[in-house]
Amino acid sequence: MIYRYAKRMLTETDKRILWKIAINFGLKGMLSVQKFKKRLKKDIYFPPFLFMSIINSCQLRCQGCWVDVSSKQTLIEIDDLNRIVNDAKKHGNSYFGILGGEPFMHPNLFDLLEAHPDCYFQIFTNGQLITDEVAARLRKVGNATILISIEGNEVISDERRGQLDVLNKTLVGLENCRRHKLVIGVATSVCQTNIELVSESWLNRLIEMGVHYVWFHTYRVVGPDPSEHLALTPQQVLDVRKFIVEMRAKLPIAIVDAYWDDKGEALCPMTTGISHHIGPGGHVEPCPIIQFATEDIHTNESIYKTMTESAFLNDFRKTAAEATQGCIVLERPDLVEELVQRHSAGDTTQRQTALEELRKLQPRSSQHNPEHQFPEEHWVYRFAKKHWYFGFGAYT
Ligand code: SF4
């Protein structure tokens, strides 16, 4: 698998882009996790992987989306984005996850990428705004990978995303990325209506389309339209995990996950402290679906100071670690409410219904299934997770 994958990356992507992902994401990413581990020894928590939803606006209306996509536009101004990135860089960070809404609707997205050639950005997008010009500009700047969300076939995509002709428009964006030799990923929020995408034939289809990695999220029952009927059963979550482990050792496409370590034990990126989130309103949130905060990007000049001193984030990590190795939002929404009350955390949404939504959530299982665990089969994933992606002591 390794040789075939290396051959794909060397022949399908722009060499300068490949160098940037190897150094700015691979090498510097690993060093940022080493720095994170060092800080943990002094009980200092600053995530090496910062996720920022830079704008709320989006042209789609997806089931299960927690972002106020149809509300008045809010965005993080470019000066604040640069301030956050510069401060995080001072503490060894180089990777930044860029979310929305739809990030390509932010007027200064390219100013951000161009201002930080020494960093690496993963842009979570529906791909529909990636024209030939945009793809050419991404190739020129070279420090961003495009993670395009595909939620099913034509019919399912329109149903899930609340617009028409969604898949075809997205595939046009993907093809523009392929033609400009970008590093391309496809993300799917796996649920009842698209679980057939968790298949070898779909992965081979993606390889044909020039996709270099996939990320199978498991559907989160949250937001103003949680669509509970889409949630996966515990057995289906296990099947997804088993499939991921098997395909990693078989196909020349990388498979990302954020929920399991090398032994197949569950973890939550928020609880371990390896990632936290900044919302489109600038609020400092435990993770994207926990829309409550006690601080924002203006609390201090330094985002490092704000996050390392946040009692809310600290208590959230500790309480979640004591409760589960899975998702506290899915398994214990009652504890999330307790934390919100304990810290008088504010609702960060424009719709101001996050607490009401939380109270309506029925506890359900998540990625934590201690009776059934699938350790990594392929040595590359085993090695990488063993050293740079595990529980970091949160669950001991
Ligand atoms: S709380 Fe749930 S959604 Fe948030 S990072 Fe943890 S597992 Fe993921």
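These legends go with a set of close-up views of a predicted model.

**View 1. What lines the ligand.** Nine names to look for here: the ligand has Arg220, Tyr259, Cys268, Pro269, Met270, Cys287, Ile289, Cys327 and Gln367 around it. Sorted by class, that shell comes out as seven nonpolar residues, one polar and one charged.

**View 2. Arg241 meets Asp257.** Here the two side chains pair up in a salt bridge, with 3.6 Å from N to O. The partners come from distant parts of the chain, 16 residues apart: Arg241 sits in helix H9 (residues 234-248), while Asp257 is in the loop between strand E7 (254-256) and helix H10 (269-272). Arg241 counts as buried because its relative accessible area is just 2%, under the 20% cut-off. Asp257, at 9%, is buried too.

**View 3. Lys385 reaches Asp257 as well.** In this salt bridge the closest N and O atoms are 2.6 Å apart. It ties together distant parts of the chain again, with Lys385 in helix H16 (residues 379-388) and Asp257 in the loop between E7 and H10, 128 residues apart. Both Lys385 and Asp257 are buried.

**View 4. Lys385 and its other partner, Glu376.** Lys385 also forms a salt bridge with Glu376, and here the closest N and O atoms are 3.8 Å apart. Glu376 is buried, as is Lys385.

**View 5. The salt-bridge network.** Zoom out a little and the pairs join up: Arg241, Arg248, Asp257, Glu376 and Lys385 are linked in a network of salt bridges. For context, searching the whole structure turns up 29 salt bridges.

Notes: Residues numbered from 1 in each chain as written. Predicted model: local features only at pLDDT ≥ 70, side-chain atom pairs only at ≥ 80, totals over all residues. Heavy atoms only, no water. Near = heavy atom within 4 Å. Nonpolar A, V, L, I, M, F, W, Y, C, P; charged D, E, K, R; others polar. Salt bridge = Lys/Arg side-chain N within 4 Å of Asp/Glu carboxyl O. Helix = DSSP H or I, 4+ residues; strand = E, 2+ residues; numbered from the N terminus. Buried < 20%, exposed > 50% of the residue type's maximum accessible area, 1.4 Å probe, protein only.
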